[in-house]
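Welcome, and please open the model in your viewer. We will go from stop to stop, with a selection to make at each one.

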Amino acid sequence: MPITKEVCRKCGCTNNNPCYHPKYGFCWWEDSEHTICSHCAKKEIKNSKHTQHRVNDIPDWQPPEETQA
Ligand SMILES: [Zn+2]
Ligand SMILES: [Zn+2]
C-alpha cells in the first residue's frame, strides 16, 4: 500500500479529520512529507487513553470547551 501524503500512515487522519488530545490539542505532521501525525509518532500522546484519532469519524465527538484563558 503506497504511502499517501497528507494522510497519516498509522491512523489515517488528515487535515480535515485530525486527532485530538486534551493536553496537546489537534495533531500536527511530524515529518516533512506529512505521512505521520504527532499523535501517532509521540509515545506520550499515542499511549494516552485520552487520544482520539480521526475525530470526525466519532459520531458524537465534540471538542472540549476551552476553560483556560
Ligand atoms: Zn496518526
Ligand atoms: Zn493524527
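One definition will serve us throughout: a residue is buried if 20 or more other C-beta atoms lie within 10 Å of its own, exposed if 12 or fewer, and partly exposed in between, with C-beta atoms placed from the backbone. Please keep in mind that this is a predicted model, in which local features need pLDDT of at least 70, side-chain atom pairs count only at pLDDT 80 or more, and totals for chains, interfaces and linings use all residues. Residues are numbered from 1 along each chain as its sequence is written, while chains are lettered from A and ligands numbered from 1 in the order in which they are written.

**The whole chain**

Start by showing everything as a cartoon. You should find two helices and two strands, in the order β-β-α-α along the sequence. Here helices (H or I, at least four residues) and strands (E, at least two) are DSSP runs, numbered from the N terminus. Along the principal axes, the C-alpha atoms fill a box of roughly 40 × 25 × 20 Å. The radius of gyration, taken over C-alpha atoms, is judged by a globule rule of 2.2 Å times the number of residues to the power 0.38. The chain's value of 12 Å agrees with that rule, because a compact globule with 69 residues would have one near 11 Å. Of the 69 residues, 19% are buried.

**The core**

Next, select Cys-8, Cys-11, Cys-13, Cys-19, Tyr-20, Cys-27, Cys-37 and Cys-40, the eight residues of the largest nonpolar core. Such a core is a set of buried Ala, Val, Leu, Ile, Met, Phe, Trp, Tyr and Cys residues joined through C-beta atoms within 7 Å.

Now centre on Cys-37. Which residues is Cys-37 in contact with, leaving aside its neighbours within four places in sequence? They are Cys-8, Cys-11, Cys-13, Cys-19, Cys-27, Trp-28, Trp-29 and Glu-30. Two residues are in contact if their C-beta atoms, placed from the backbone, lie within 7 Å. Across the chain, 53% of contacts between residues at least 6 apart in sequence join residues at least 24 apart.

**Helix α2**

Move on to Ile-45, in helix α2 (residues 43–46). Ile-45 counts as partly exposed because it has 18 C-beta neighbours inside 10 Å. Not counting residues up to four places away in sequence, Ile-45 touches His-21, Tyr-24, Ser-38, His-39 and Thr-51. Draw a distance from Ile-45 to Cys-27: their C-alpha atoms are 9.6 Å apart, with these positions 18 residues apart along the chain.

**The loop between β2 and α1**

Select Ser-32, in the loop between β2 (25–26) and α1 (38–41). Is Ser-32 buried or exposed? Ser-32 is exposed, because 6 other C-beta atoms lie within 10 Å. From Ser-32 to Glu-44, 12 residues apart in sequence, the C-alpha to C-alpha distance is 21 Å.

His-34 is found in this loop too. With 17 other C-beta atoms within 10 Å, His-34 is partly exposed. Check its backbone as well: His-34 has a positive phi of about 60° although it is not a glycine.

**Before β1**

Finish in the segment before β1 (20–21), where Glu-6 lies. Glu-6 is not a glycine, yet has a positive phi of about 70°. Glu-6 has 12 C-beta neighbours inside 10 Å and therefore counts as exposed.

Asn-15 is also in the segment before β1, and counts as partly exposed with 13 C-beta neighbours inside 10 Å. For a last distance, pick Asn-15 and Arg-54: they are 39 residues apart along the chain, and their C-alpha atoms are separated by 9.6 Å.
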